[in-house]
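User: I would like to go through the aromatic contacts and the ligand surroundings of this model, one question at a time. Please give the reasoning before each result.

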Amino acid sequence: MNSQADFRPAVVVIGASGGIGRAIARVAARDGGPVVLTARSIEGLNAAAAEVRDAGGEPFTLALDVLAHDSTTQVAEFLARNGLYCDVLVNSAGYGLRGAAIGLPMDDQLGIVDLNIRALTELTLYFLPQMVARKRGGVINLSSVASFTAGPYMALYYASKGFVRSFSQAVHQEVRRSGVTVMCLAPGPVSTEFYATAGARHASIFTLLPMLDAQYVAEQAWRGFRSGRRIVIPGLSAKLAVYAARLLPASLLLPLIARLQRSGNDPCPCGSGKKYKKCHGARHK
Ligand SMILES: NC(=O)c1ccc[n+]([C@@H]2O[C@H](COP(=O)([O-])OP(=O)(O)OC[C@H]3O[C@@H](n4cnc5c(N)ncnc54)[C@H](OP(=O)(O)O)[C@@H]3O)[C@@H](O)[C@H]2O)c1
């Protein structure tokens with residue numbers, strides 16, 4: 001067992017088997033240190049580990065469901081066993097679901113609260129005090145441009161990202177003079193498995209903004225984090241979308257988002273219990 005003084009700083013990526021988390025792991029690996037990769041899929045973790053090694057980092061993989069009640073302890077014990085400490089925490093595990101809140105299964109919707117909010121918060125609150133004590137490192141929390149508005153037909157997802165942005169920005173302010181950065185990453189659409197998981201591949205709202213490459217988002221995130229930024233919104237179009245969301249009154253914005261995210265199979269908002277497309281669709285636009 002290593003003595004505490006010998007422990008080495010690691011970048012710990014939660015949700016590293018694919019998408020944005022895996023891309024951030026690749027970018028962080030260029031600094032040459034240990035990168036701890038965590039997610040459920042062993043296959044995805046092994047692929048991510050090979051990429052980290054190719055980029056010059058030292059990969060460690062931990063197959064873990066972050067929704068397990070002891071997941072934070074499992075991460076901490078894994079780090080200790082390997083003579084590492086969490087220098088940078090990247091909270092990228094998350095999912096969304098497209099559909100009406102009254103129509104989607106309740107457990108799946110509550111899973112969004114458990115993963116996007118509870119697990120992210122627990123990991124942040126566990127590792128952040130240690131970072132502050134060391135006066136180094138920090139946290140990158142994945143929010144979204146969705147955090148700037150409520151999102152009918154993806155209600156839980158938008159609300160969860162609003163929480164992440166609010167929480168991360170507040171804590172950024174609290175610790176900013178300690179040498180630790182808590183950064184909120186708020187991308188628009190990024191080309192990953194997210195849309196398949198969310199059942200949102202065909203929602204027209206996601207075609208309004210260009211689909212960004214995960215690698216580009218990761219480069220922007222890492223640069224912003226290393227400069228101590230509070231929030232990074234990659235790409236001009238996403239920044240403009242945030243600006244528009246702030247300008248438009250909710251009375252215009254919410255019906256617009258509802259229309260762009262609703263599908264014909266969602267329950268009709270008139271309360272008939274019928275599918276939207278089978279009910280008075282034309283009247284309920
Ligand atoms: N793609 C976008 O357009 C977009 C835009 C803005 C924000 N975001 C946010 O960015 C984050 C990453 O999304 P992504 O686009 O990279 O999606 P993704 O490709 O679906 O990746 C999600 C990652 O989270 C992991 N994960 C999911 N559930 C988990 C669990 N219970 N325990 C551990 N790991 C879990 C997945 O791995 P396993 O399945 O192997 O566990 C995977 O590595 C999410 O928080 C998402 O909300 C995405």
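Analyst: A definition comes before the questions: rings of Phe, Tyr and Trp (its six-membered ring) pair if their centres lie within 6.5 Å, with planes under 30 degrees apart counted as stacked, over 60 as edge-to-face and the rest as tilted. The model is a predicted one. By this rule, the count comes to six aromatic pairs.

User: What is the geometry of the pair formed by the rings of Tyr126 and Phe127?
Analyst: The ring centres of Tyr126 and Phe127 are 4.9 Å apart, and their planes stand at 80°. An angle over 60 degrees is the criterion to apply here. The pair is therefore edge-to-face.

User: Is Phe127 buried or exposed?
Analyst: The cut-off for burial is under 20% relative accessible area. Phe127 has a relative accessibility of 2%, so the residue counts as buried.

User: How is the aromatic pair of Tyr157 and Phe194 arranged?
Analyst: Tyr157 and Phe194 are 5.0 Å apart from centre to centre, with 50° between the planes. Angles that are neither under 30 nor over 60 degrees fall into the remaining class. The pair of Tyr157 and Phe194 is accordingly described as tilted.

User: Which helices does this pair link, and how many residues apart are Tyr157 and Phe194?
Analyst: Tyr157 belongs to helix H5 (residues 155–175), whereas Phe194 belongs to helix H6 (residues 194–198). Tyr157 is buried at 9% relative accessibility, and Phe194 is buried as well, with a relative accessible area of 18%. The pair links distant parts of the chain, H5 and H6, through residues that are 37 residues apart.

User: Which residues form one aromatic cluster with Tyr157?
Analyst: Tyr157 and Phe194 are already known to form an aromatic pair. The cluster that contains both of them is completed by two tyrosines, so that its members are Tyr157, Phe194, Tyr158 and Tyr195.

User: How far is an oxygen atom of the ligand from an N or O atom in the side chain of Tyr195?
Analyst: Tyr195 is among the closest of the 30 residues that surround the ligand, as is Tyr157. An oxygen atom of the ligand also lies 2.8 Å from an N or O atom in the side chain of Ser17. For the side chain of Tyr195, the corresponding distance is 2.6 Å.

User: How much of the accessible area of the ligand does the protein cover?
Analyst: By class, the shell around the ligand has 15 nonpolar, eleven polar and four charged residues. On its own, the ligand has 880 Å² of accessible area, and the part covered by the protein is 92%.

How values were computed: Residues numbered from 1 in each chain as written. Predicted model: local features only at pLDDT ≥ 70, side-chain atom pairs only at ≥ 80, totals over all residues. Heavy atoms only, no water. Buried < 20%, exposed > 50% of the residue type's maximum accessible area, 1.4 Å probe, protein only. Helix = DSSP H or I, 4+ residues; strand = E, 2+ residues; numbered from the N terminus. Near = heavy atom within 4 Å. Polar contact = N/O pair within 3.5 Å; in protein donor to acceptor, adjacent residues only side chain to side chain. Areas by Shrake-Rupley, 256 points an atom, 1.4 Å probe, with all protein chains shown as cover. Nonpolar A, V, L, I, M, F, W, Y, C, P; charged D, E, K, R; others polar.
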